[in-house]
Amino acid sequence: MDSSVDPNVPLAIGEVIRRTGVSASALHFYERKGLIFSSRDGCNQRLYARHMLRRISLIIVAKRLGVPLAELAAMFACLPQDHSPTHEDWQRMSRTWKRQLQERRRVLEDLEHELTGCIGCGCLSMKACALLNPDDTLQDQGPGPVRLQQPPRR
Ligand code: FES
């Protein structure tokens, strides 16, 4: 097997950049946030375990989906750092992520549904506010668009 594709051979940062399209500064940032890890070679250059490519790819996807990095870090916390995650490790993370994506989808659907109606934010700027949030009574339920934060109406 070509050592450049051996999953056990760590990758230099240049190879990680080439393979992911992520800049060195972004990799350093993700490392500071605890999302990825590296070791150092004899010349103090960063080396990344090849399975970090998958983490970095998931970070790219998460950013596209608007998943906060802190949320992703919490999901990555269940993955081993010292060896390549197993299929079960990825499945466990995937289940957690799936639940969070479903919740996000529900909020987006609610937002889409309520976009032209009162969201309970306290602005009282729409005719519907007088009916759905008279005198801003929804403020007792907490801050923000409380009508969007209620449990799903299913
Ligand atoms: S939309 Fe803001 S309180 Fe109704």
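**Close-up views of a predicted model**

**View 1. Gly120, a buried glycine in a loop.** Gly120 is buried, with a relative accessible area of 4% (buried means under 20% relative accessible area, exposed over 50%, partly exposed in between, with a 1.4 Å probe and protein chains only). This is a predicted model, in which local features need pLDDT of at least 70 and side-chain atom pairs count only at pLDDT 80 or more, while totals for chains, interfaces and linings use all residues. Residues are numbered from 1 along each chain as its sequence is written, and side-chain values use heavy atoms, with hydrogens and water left out. To find Gly120, look in the loop between helix H5 (87-114) and helix H6 (127-132); helices (H or I, at least four residues) and strands (E, at least two) are DSSP runs, numbered from the N terminus. Which residues does Gly120 contact, leaving aside its neighbours within four places in sequence? They are Asn133, Leu138, Gly144, Pro145, Val146 and Arg147, where contact means heavy atoms within 4.5 Å. With Gly144, the C-alpha to C-alpha distance is 7.6 Å, and 24 residues separate the two in sequence.

**View 2. Asp135, an exposed residue with a positive phi.** Asp135 sits in the segment after H6. Its relative accessibility is 74%, so Asp135 counts as exposed. Asp135 is not a glycine, yet its phi is positive, at about 55 degrees. For background, most residues other than glycine have a negative phi.

**View 3. The open sheet and the loop at Asn44.** Here three strands form an open sheet in the order E1-E3-E2, with antiparallel pairing. At the edges are strand E1 (11-12) and strand E2 (39-40), each of which pairs on one side only. Two strands count as paired if DSSP finds at least two bridges between them; E2 and strand E3 (residues 46-48) pair in the antiparallel sense over two bridges. Which residue in E3 stands opposite Ser39? It is Leu47. Follow the chain into the loop between E2 and E3 and you will meet Asn44, another residue that is not a glycine but has a positive phi, in this case about 65 degrees.

**View 4. His51, a buried residue after the sheet.** The loop between E3 and helix H3 (52-65) holds His51. Is His51 buried or exposed? With 15% relative accessibility, His51 counts as buried. Beyond its neighbours within four places in sequence, His51 is in contact with His83, Ser84 and Pro85.

**View 5. The whole chain, for orientation.** Stepping back, the protein has six helices and three strands, which run β-α-α-β-β-α-α-α-α from the N terminus on. The radius of gyration (taken over C-alpha atoms) is 22 Å, well over the 15 Å that the globule rule (2.2 Å times the number of residues to the power 0.38) gives for 154 residues, so the protein is more spread out than a compact globule. Along its principal axes, the C-alpha trace spans about 70 × 30 × 25 Å. Of the 154 residues, 29% count as buried. Among contacts with a separation of 6 or more, 52% come from residues 24 or more positions apart.
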